[in-house]
Amino acid sequence: MSLIASGPPYQFAACSTNRIMLEVIFACIPGITITTWFFGWGTLINITLACVMALALEAGMLALRGRAPVQHLRDNSALVTAVLLGIALPSISAWWMIALATVFAIVIAKHLYGGLGQNVFNPAMCGYVFLLITFPLHMSGWHAPGGDEYNPLGLHSLYLSLQMTFPFLAGGAESYRELADGLAMATPLLDPGSAAGNAINRALEGNLNLFSPGAETGYEMISMGYLAGGLFLLFRNIISWHIPASILVTVAALAVVFYNPDDPGIYGTPWLHLFGTPTMLGAFFIATDPVSAATTPRGKLLYGVIIGCCIYSIRSWGAYPDSVAFAILFGNFCASFIERVTVPTVYGSRGRQIK
Amino acid sequence: MGFWNLISGGRPRRHGIAGGVRAASHKAESLRSALMQMPLPKRMIYPLQQHAGIWLKPVVSEGEHVLKGQRIADPVDNRGSPLHSSTSGIIVSLNDHDNVSSTGSSIVLTPDGEDRWTGLNPLSDYRQVSPDKVIDRIRSAGVIGLGGTAYSTAEKLARAKGRVHTLIINAAECEPCITADEALLRQEAAGVVEGGRILQYAIQAERCIIATQNTKIDATSALRRALDAIDGPSHNIYLMVFPEKYPTGGERQLVQGVTGKQVPGGKSPEDTGVLVQNTGTAYAVYRAVQSGEPLIERITTVTGATVRTPKNFQARLGTPIRFLLELCGTGFDRIEQVIHGGSLRGIVLSNLDTPVTPATNCLIAASKDEFPAPPPEQPCIRCGLCANVCPANLLPQQLHWFIRGGSLDAAASLGLSDCIECGACAHVCPSHIPLAGHFRDGKIDLEEQQESLERGRYWKQRFESRQARIASDAEERQRNRQSRLDKSPASVAKVTTDTDAVTVAGREISRAQARIEIAAAVARVKKRSASGATEPESSPEPGDEAEERSSGGQEHEP
């Protein structure tokens, strides 16, 4: 018998950072599946490439920083960053773009700030915004599941997607541009009057068919997928309701206030703002990244309101086609200030001065 | 309040308790068997340190035969309580022995096997005597808090009397593994309720609330029956059932749950008009008043994966812990650690020959797999699970951040000293950070820092007042001098010169004197060492010494 001296507590809840991260990835599955169903293989290729690179970079950075790579790789945080990055990037990105974004996310946004738990900004969004600023034209092109002959899940589509990811397979830059042009369309928000307005209105008019691949229903179905994943995370108590609820309520409220029934194309419908855009992905999966978010209950609500306002205003009045990434980075920036002003009242300290 | 009274018939309302965690309770195992009396061990050990800093002084001697319930040690001050023998037998030693909390001397007794009671002195109807008499009875029975603090109950009652409107009997035993109170309530709910009424009478509280948890179904229904059985139409003793959560049974948490008020940091519940007493204490008070029995036993849960039949014992105080474990068929070779207390706040025993004390509510003989060491610590991801469960409404992730960074002041301003060290944060932390341990250390460091600041302030004050005194003295002198100068400048100047001359002359004389004295002393030493060398055996006679000393003294005379 050995009597080991250790401090209380001795009993622990069956919960680990590794598991939390895995469940976040698990919750992405519906969204990723629907994306693939409507838009083909691109996202899966993105995610796979990003994961491989992120793990390699993470191991390298951990070794450089003198940490045990194997033990720290097991926390799965690099995988979450890679998956979110793979989802966010356009599905017609070349491998080197994915690599650039991953390097920026893992090396600069994460490890140069001190690694897991120390990063001020969400790494995946940093990587995404880096590409958005560097290659704005490419980043605003969304994969269009084109005409009748186009089958997103077919072998030919996989071949095309691989050719776009690895342009040397297709024989150089020119053919890449042709491929990309053939498969890209503008984001529905770039020209709300035509693309989004028509697409969303058609969807609302009853064309919503879950199993017909098409842009009209695609964006909504993806949002539904991320909403389902987010509800799963809520149910599993991995995220709290505060941040997604306040983001969604803020965006919806602003969309209702500025909605113009005579010409919904100007600012878009509330439905478009909630479901025709990556709002759900941002609200449930990215803004809730605990490391870069506010952590006090009131702070989370305020954080969500700030992000919600940014999402709506950058989207409606800004130059970029979408705004979730910028909004979240701005929220990250505010988080530490928010926490200072939202410290909850400690038990028995009512009336006592808190500095 | 008025409306609530109308619809509830005056029954007090339950309030919410902040934070809390639902941990796996591990309680069912030890509740399967009934509460058990225990046979006599070969020896009993009574530590003479009752509580941190509270010492007892034996009133028996080695070899003396004592009876069960006989007083064997008295407290040195009124914070302690008298100690009574838990069986009849012979005092074999008053020696040193390891205690649970620290080492200290103890009384060791060998039972004679007869278990014969000393004469008892019950208070047949406590309502006929004054509350102070009841408190005195509780004091002489040596009743101390059985909830873990081991503080003198009578002392607590005396301080609470007249200041407290609500008495809470804490039956919300919430920590995993511990079932001592629950086992007691299943059998002796009526005694506990009666103990509550005695306590209520002793401090003249308006109402008494027995707080329990909804998972303790048998205990709750036993309490209901006991309350229904109280005769007399208007008693104000109520049952309040809380949802299961750790740490509902914390003193401050119960005050919040029962009254909705919070106990300010650094104050005790009595300051908010509430007194909290443990179930076991209430029962001990009942026994002390109703049958005159002093505190000689408590209920102890013996559980853990290496224990074949986990159960609750009516354990006599002083029983070696090893003996209790043996009674339950413990596989000693499989024990990894024995935890004294529950699995969230207990301490690991380093010696199984320590005795059962009033604080021994539970013993967990844990196997290796039962409570494995947590996996390696990972970075904090600020998930906030710790803040969700914190009953003090703290932000453990922020406290951890600041303590790690050495900013104790920042941690203090976020309420570090309000941490009750319940361990809920460390229990849920997905990164396995020993938060509770960090906060314990942080609080100690903070106290030290504040103490050294206090000390610094004290010495600074002393230094400053000394400087001020010197300055004012100098000023005073200067003033006197000035006034003398003003009176007669010439004469004063002359006097000053004269004094200076005298001083110089005096100094010269005293220097010459010193030279002569030194020479004389050297000569004396030489003479003595010479005589010592020739006659080493002879010791100087006292007369000689005295003469020498007196002559030396004369020499010193100027």
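Pro9(A) sits in the segment before helix 1 (17-39) of chain A. In this predicted model, the peptide bond that joins Pro8(A) and Pro9(A) is cis, with an omega of about -5°. Most peptide bonds are trans, so a cis bond is a good place to pause. Chain B offers another one: Tyr246(B) and Pro247(B) are joined by a cis peptide bond with omega at about 0°. Here the proline belongs to the loop between strand 13 (237-242) and helix 7 (251-259) of chain B.

Next, let us turn from peptide bonds to backbone angles. Most residues other than glycine have a negative phi. Gln204(B) is not a glycine, yet its phi is positive, about 55°. You can find Gln204(B) in the loop between helix 5 and strand 12 (207-213) of chain B. Asn393(B), also a residue other than glycine, has a positive phi near 65°, and its loop runs between helix 10 (385-389) and helix 11 (396-404) of chain B. How do these two residues stand with respect to burial? Gln204(B) has 14 C-beta neighbours inside 10 Å and therefore counts as partly exposed. Asn393(B) has 18 other C-beta atoms within 10 Å, so this residue is partly exposed; a residue would need 20 or more to be called buried.

For a contrast, look at strand 14 (residues 274-278) of chain B, where five of five residues are buried. In a regular strand the side chains alternate between the two faces of the sheet. On one side of strand 14 of chain B are Val274(B), Val276(B) and Asn278(B), and on the other are Leu275(B) and Gln277(B); both faces are covered. Strand 14 of chain B also has a partner: strand 11 (residues 166-171) of chain B pairs with it in the parallel sense, over five bridges. Within this pairing, Ile169(B) stands opposite Gln277(B).

From here we can step into the interior. The largest nonpolar core has 202 residues, and those with the most contacts inside it include Leu85(A), Met125(A) and Tyr128(A) from one chain and Ala211(B), Val285(B) and Cys425(B) from the other. Which element gives the most to this core? That is helix 5 (residues 180-203) of chain B, with 11 residues. A second, separate core has 12 residues, among them Met44(B), Ile45(B), Val66(B) and Ala73(B). Back in chain A, Met125(A) touches Ile286(A), Ala325(A), Ile328(A) and Leu329(A), leaving aside residues up to four places away in sequence.

Now consider how the two chains meet. The contact takes 53 residues from chain B and 36 residues from chain A. On the side of chain B that touches chain A, the elements giving two or more residues are strand 17 (337-340), strand 18 (347-348), helix 13 (424-428) and helix 14 (435-487) of chain B. Helix 13 of chain B gives the most to this side, with three residues. By type, the residues on this side of chain B divide into 31 nonpolar, 16 polar and six charged.

Finally, a word on confidence as you explore chain A. Its mean pLDDT is 81, and 79% of its residues reach 70 or more. Where does pLDDT stay under 50? One such stretch of chain A is residues 144-148, for which the model has 14 contacts beyond four places in sequence. Another is residues 181-215 of chain A, with 63 contacts beyond four places in sequence.

Definitions and conventions: Residues numbered from 1 in each chain as written. Chains lettered and ligands numbered in written order. Predicted model: local features only at pLDDT ≥ 70, side-chain atom pairs only at ≥ 80, totals over all residues. pLDDT = per-residue confidence, 0-100. Contact = placed C-beta atoms within 7 Å. Core = buried A, V, L, I, M, F, W, Y, C linked by C-beta atoms within 7 Å. Helix = DSSP H or I, 4+ residues; strand = E, 2+ residues; numbered from the N terminus. Nonpolar A, V, L, I, M, F, W, Y, C, P; charged D, E, K, R; others polar. Pairing = 2+ DSSP bridges.
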